[in-house]
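Here are some notes to read beside the model. Keep the sequence and the 3D view open as you go. We start with a pair of cysteines.

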Amino acid sequence: MADSPPKSIALAIAPKITSFLSICGSSTIIFKIMRNQKSRRDTLPRIMLGMSICDVLVATWFFASTWPIPKGTISSFGDGITQTVFGAIGTDLSCNIAGFFNQYQVASPLFNATLATYYLLVVYYGWTDRRIKRVEWLFYTIPISFGLITATFAVAANLIGPVAWTCAILPPEVFIEGAELTPIQSHYQLIRWIVLFGPVWICIVYVSIIFIRLYKKMRALELKMGSYKPRINRANQGTPVNGDGLINANGQKGESVAMEKSDDQGDQNRSLHESQSSGLYEDEIYYTAQEELDGGGDVSSEEVRDDASINDVNDNTDEEKGAEEHNARNVGRRKPVRNARTVFIKKVRKLKLNGSRSSISKYIAAEKSRVIAVQGLLYVLAFYVTWFFPTISRFLDFAGEKNYAIQFLDTLLLPLQGFFNCFVYLRPSIQRYRRRNPTANICAALGAVITNHD
């Protein structure tokens with residue numbers, strides 16, 4: 001190893017750091033999903049489970065980096081004569097195993113494509129869970145089958161050989177003067193594009209199209225939500241503001257909340273009321289919508305009471321207090337409230353506030369779709385960051401050029417898919433925890449979310 005060039009040393013060490021982060025991130029997702037029974041029943045967490053298991057398998061061999069490469073392999077970033085690949089201690093067998101899983105990584109972008117498809121069907125086309133479950137088997141069959149078949153073919157056709165920092169489709173006979181290639185080996189560059197980089201680029205284009213459609217949908221939802229902004233009416237009466245049959249929990253005078261069409265001609269008081277109410281209701285609706293994302297946990301009636309503790313709520317009737325005492329004694333047997341709309345309606349009634357049933361439902365539906373769209377776009381961005389430089393590196397290889405900076409970024413970022421996915425997956429729970437605990441920092445919130453059973 002002493003005669004290895006510094007560039008080879010950097011290429012050997014960099015993926016060990018990022019692969020370890022990815023293994024930790026994907027393992028966290030697996031841990032959270034497997035210990036939450038509700039998550040295992042939903043399609044989205046199961047897609048994330050399949051993607052995370054795939055990432056752990058691939059990242060483990062990325063962590064090995066140059067170890068599986070046959071000992072004494074000459075480094076392409078050295079003098080080309082005596083300087084060998086740093087850390088290369090493997091054999092042809094270990095190189096074939098590493099190359100198998102390196103090719104199997106094609107399942108990861110395919111899982112990203114299925115994840116994007118899920119968000120497209122749910123957010124853009126409004127598919128229900130029941131309808132999604134009819135085609136759910138395709139979300140796993142296509143990525144896993146394609147990865148296994150192409151990886152097995154690459155090993156069986158003797159296409160695996162050492163590259164700069166691992167083993168992949170590049171027959172070692174290419175670098176042996178006078179060696180004769182088999183008919184399949186002679187087309188290794190075309191095969192590499194057919195089984196790996198071609199599918200990756202198809203996924204990138206496909207996901208990009210969905211990204212654009214989701215972005216347009218999200219913008220439309222934001223405009224739609226702007227038409228149903230909640231506002232507090234400070235008048236001393238609980239009469240409907242928009243005449244749309246507002247619900248009134250106690251029929252008494254006081255503050256009322258209405259979902260009204262926004263008006264550009266509103267006066268200063270109305271603007272003040274809207275700004276005061278948005279902090280409460282946008283947060284509350286955001287919270288309820290988040291509860292159905294990524295196995296974020298059930299919403300219990302107890303949580304509804306805790307989250308609805310506002311200074312204005314001190315006028316419960318004796319009957320309500322008695323019911324609360326009864327609920328407190330039986331909290332261990334309380335069944336979760338799974339419907340976000342039901343939770344929000346309970347909060348409206350708990351707060352003795354008014355709101356249009358139809359407007360509340362529209363606002364919840366729009367906000368929930370917007371939150372799902374944002375979550376989906378973050379997964380897409382993680383996909384872009386992971387595969388951008390590996391793609392540039394392959395184009396340079398195709399042109400017969402080498403660029404060490406691009407190669408290093410390729411080596412550094414390619415293993416990070418699981419790390420990015422973990423933070424996107426935990427993001428709703430972290431935000432919810434910090435709303436409940438405003439003084440908590442990111443690290444404390446992350447630790448609490450990971451160790452929480454929700």
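1. **A buried pair.** Find cysteine 95 and cysteine 167. Both cysteine 95 and cysteine 167 are buried. Keep in mind that this is a predicted model. The values below are computed from it.

2. **The bond between them.** A disulfide is a covalent bond that links the sulfur atoms of two cysteines. Here one joins cysteine 95 to cysteine 167, with a distance from S to S of 2.1 Å. The angle about the S-S bond is -115 degrees, and the link of cysteine 95 and cysteine 167 is left-handed. Which elements hold the two ends? Cysteine 95 sits in helix 4 and cysteine 167 in strand 2, so the bond ties together parts that lie 72 residues apart in sequence. How many disulfides does a search of the whole structure find? The search finds 1.

3. **Cysteine 24.** Why is there no bond between cysteine 24 and cysteine 422? The closest cysteine sulfur to that of cysteine 24 is in cysteine 422, and it is 9.0 Å away, too far for a bond. A pair counts as a disulfide when the sulfur atoms are within 2.5 Å. Cysteine 24 is partly exposed, and its relative accessible area is 34%.

4. **Cysteine 203.** Is cysteine 203 buried or exposed? Cysteine 203 has a relative accessible area of 4%, so it counts as buried. The cut-off for buried is under 20%.

5. **The chain as a whole.** Now step back. The protein chain has 15 helices and 6 strands. It is 454 residues long, and 48% of them are buried. Now take the contacts in the chain with a separation of 6 or more. Residues 24 or more positions apart account for 74% of these contacts. The chain exposes about 21,800 Å², and 59% of that comes from carbon and sulfur atoms.

6. **The largest pocket.** Next, look for empty space. Rolling a probe the size of a water molecule over the atoms shows where such space is left. The largest pocket holds about 1,100 Å³ of space. Its lining has 50 residues, and the closest to the pocket centre are Pro162, Val163, Ala164, Leu170 and Phe175. Which elements give two or more residues to this lining? They are helix 4 (92–104), strand 1 (160–162), strand 2 (167–169), helix 7 (188–226), helix 12 (357–398) and helix 13 (404–413). Helix 4 and strand 2 also hold the two ends of the disulfide. By class, the pocket lining has 25 nonpolar, 18 polar and 7 charged residues.

7. **The largest cavity.** The structure has 6 cavities of 30 Å³ or more. The largest cavity contains about 100 Å³ of space. Its lining includes Ser22, Asp55, Val58, Phe62, Gln105, Trp387 and Pro415. Helix 3 (43–64) and helix 12 each give two or more residues to this lining. Which element gives the largest share? Helix 3 does, with 4 residues. The lining divides into 6 nonpolar, 5 polar and 1 charged residues.

8. **The second largest cavity.** This one has a volume of about 50 Å³. Gln189, Arg192, Trp193, Phe197, Arg394, Asp397 and Phe398 line it. Helix 7 and helix 12 each supply at least two of these residues. Helix 7 gives the most, with 4. By class, the lining has 3 nonpolar, 1 polar and 3 charged residues.

9. **Serine 65.** Check the backbone at serine 65. Its phi is near 45 degrees, a positive value in a residue other than glycine. Where is serine 65 found? It lies in the loop between helix 3 and helix 4. Serine 65 has 0% relative accessibility, so it counts as buried.

10. **Asparagine 158.** Asparagine 158 also has a positive phi, near 55 degrees, and it too is a residue other than glycine. Its place is the loop between helix 6 (129–156) and strand 1. Asparagine 158 is partly exposed, because its relative accessible area is 36%. Partly exposed covers the range between the buried cut-off, under 20%, and the exposed one, over 50%.

Notes:
Residues are numbered from 1 along each chain as its sequence is written. This is a predicted model: local features need pLDDT of at least 70, side-chain atom pairs count only at pLDDT 80 or more; totals for chains, interfaces and linings use all residues. Side-chain values use heavy atoms; hydrogens and water are left out. Buried means under 20% relative accessible area, exposed over 50%, partly exposed in between (1.4 Å probe, protein chains only). Contact means heavy atoms within 4.5 Å. Accessible areas come from the Shrake-Rupley method with a 1.4 Å probe; for residues, only the protein chains shown count as cover. On a 1 Å grid over the protein atoms alone, a cavity is a set of points where a 1.4 Å probe fits but cannot get out, and a pocket is an open set with protein on both sides within 12 Å along at least five of seven lines; lining residues have an atom within 4 Å of a point. Grid points are joined across faces, edges and corners, and a volume is the space filled by probe spheres set on the points. Ala, Val, Leu, Ile, Met, Phe, Trp, Tyr, Cys and Pro count as nonpolar, Asp, Glu, Lys and Arg as charged, and the others, Gly among them, as polar.
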